[in-house]
Amino acid sequence: MHEKDNLKYPWDDHPAPGNTVEVAPGVRWLSMPMPGSLSHINLYLLEDKAGWWVVDTGLALPDVTELWHQIFSQELGNRPVIGVICTHMHPDHIGQAAMITDYFKCPLYMTRAEYYQARAFAGGGASHHSSWLGQQFYERAGMPSDYLEQLARMWSQRSSEGMSMPDMPSGYQRLTNGQVLTIGRNDWQIVVGSGHSPEHACLYSAALKVMISGDQILPIITSNVSVHPTEPEANPLKDWMDSHDRFLSTPSDTLVLPAHNLPFYGVRERLRGLIGHHDDRMLAIEEACVEPHVAKDLLPVLFARELDPRQMMMALGEAIAHVHLLMYRNRIERILHEDGRYRFLSIDPDLPRRAHPGTHDAPSDGPVMV
Ligand SMILES: [Zn+2]
């Protein structure tokens, strides 16, 4: 057990590739490799009478498929996988869903919005970036005119790293908020959050005091919360903050099993920390916007380092998510100028009282691609 930033971590390391570790009765933890700074995703196995349930699946890369077959033959006690649950539609979570459900002929469980969004983006559905909507979105944010070409090159690179959207199973079983799955001796309640993805499912067992949190609650890195050209007026940070308020009722002695970093205790401390983090980022943006700013020029307020085109897309999406929530709270006004760019201006007369420039959290090293 080690402790950092008010969180307690019962394990110091990830399970070795191809191995599993029991983290609660009938709950096993494994990790799959990922390229880049994330390096891994955590996946979980739940033991049922007739076999195992898999929660999240890893990227669609040959190495990961091979490790799964090692798990199937060595870690499941000669019993099959009988259900696959994907918390949400990102490629590191759904990449092996088709492989596992085909291999065992078992159902895929997801929420409806996550399943259909995954289907929509599969097979090159991300090419919306080359539409006039994408063009207009990035122009208005102050990006250079060749940014879409930079993005197109990025997407073709991404697919070779296993980060493109995989083909999905052709059908699924729907998960809904509050639904209970009985797996072995345990009831798992589906708790839906939003903001990082549209209808993200977490699994909570009151008897075990365990929550499998996917990317909804992570202990160290902050999940990406972005506005994208597919829904340019979206307000995902509002969904994210509202979700955090609801998740604050999770009992404080819950063991959280996240998709990245290590399992931890301290769910309420972490959620309060994240709420404070986003409030601080929004206040720093308000302080910058006493002079009108385009979205692109807000990036140094949020992020410390140079960003490549792909990180730029996530960073810009996050900056816009923060100004959209500020607009919703009547603290920022958006004006479309003749040059085709949005300028953001702080309008809250109370800002001078709330402002404390120079004492904010340092810009983060991110964004992290989760
Ligand atoms: Zn994710």
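The exercises below work through the sheet, the domains and a few single residues of a predicted model.

Residues are numbered from 1 along each chain as its sequence is written. In this predicted model, local features need pLDDT of at least 70 and side-chain atom pairs count only at pLDDT 80 or more, while totals for chains, interfaces and linings use all residues.

**Exercise 1. The sheet**

Task: Determine the strand order of the open sheet and find which strands are at the edges.

Solution. Start with the terms. Helices (H or I, at least four residues) and strands (E, at least two) are DSSP runs, numbered from the N terminus. Two strands pair if DSSP finds at least two bridges between them.

Step 1. Seven strands make up the open sheet, ordered E3-E4-E5-E6-E7-E8-E9, with mixed pairing. Strand E3 (21–24) and strand E9 (173–175) are the edge strands, since each pairs on one side only. On average, neighbouring strands are turned by 30° against each other, direction ignored.

Step 2. An antiparallel pair is formed by E5 (residues 40–47) and E6 (residues 52–55), with four bridges. Within this sheet, tryptophan 52 in E6 is the bridge partner of glutamate 47.

Step 3. E7 (residues 81–85) pairs with E8 in the parallel sense over two bridges, and valine 84 has leucine 108 in E8 as its bridge partner. E8 and E9 also run parallel, joined by three bridges; here threonine 111 stands opposite leucine 175 in E9.

**Exercise 2. The surroundings of strand E8**

Task: State which way the residues of E8 point, and which helix lies across E8.

Solution. Step 1. Leu108 and Met110 point one way from E8, and Tyr109 and Thr111 point the other way. All of them are buried, that is, 20 or more other C-beta atoms lie within 10 Å of their own; 12 or fewer would be exposed and values in between partly exposed, with C-beta atoms placed from the backbone.

Step 2. Helix H4 (residues 112–121) lies across strand E8 (108–111) and E9, at about 105° to E8. Axes are lines fitted to C-alpha atoms, for helices over the stretch in contact, and angles run from 0 to 180 degrees between N-to-C directions. Contact requires C-beta atoms, placed from the backbone, to lie within 7 Å.

**Exercise 3. Domains and a helix pair**

Task: Locate the two domains and describe how H8 meets H10.

Solution. Step 1. Domain 1 covers 2–125 + 160–275 and domain 2 covers 280–354; the bounds come from an automatic or database domain assignment. Their C-alpha centres lie 31 Å apart, and nine residues of domain 1 contact nine residues of domain 2.

Step 2. The axes of H8 (residues 267–288) and H10 (residues 309–328) come within 10 Å and cross at roughly 80°. H8 and H10 are therefore roughly perpendicular; angles of 65 to 115 degrees count as such, under 35 as roughly parallel, over 145 as roughly antiparallel and the rest as oblique.

Step 3. Arg281, Met282, Ile285 and Glu286 in H8 meet His322, Val323, Leu325 and Leu326 in H10.

**Exercise 4. The E10–E11 hairpin**

Task: Describe the hairpin and the surroundings of glutamine 189.

Solution. Step 1. E10 (residues 180–183) and E11 (residues 186–193) pair in the antiparallel sense over four bridges. Leucine 181 stands opposite tryptophan 188 in E11. Two residues lie between the strands, and glycine 184 takes a positive phi near 60°.

Step 2. Glutamine 189 belongs to strand E11. With 15 other C-beta atoms within 10 Å, glutamine 189 is partly exposed. Leaving aside neighbours within four places in sequence, glutamine 189 is in contact with Gly178, Val180 and Tyr204.
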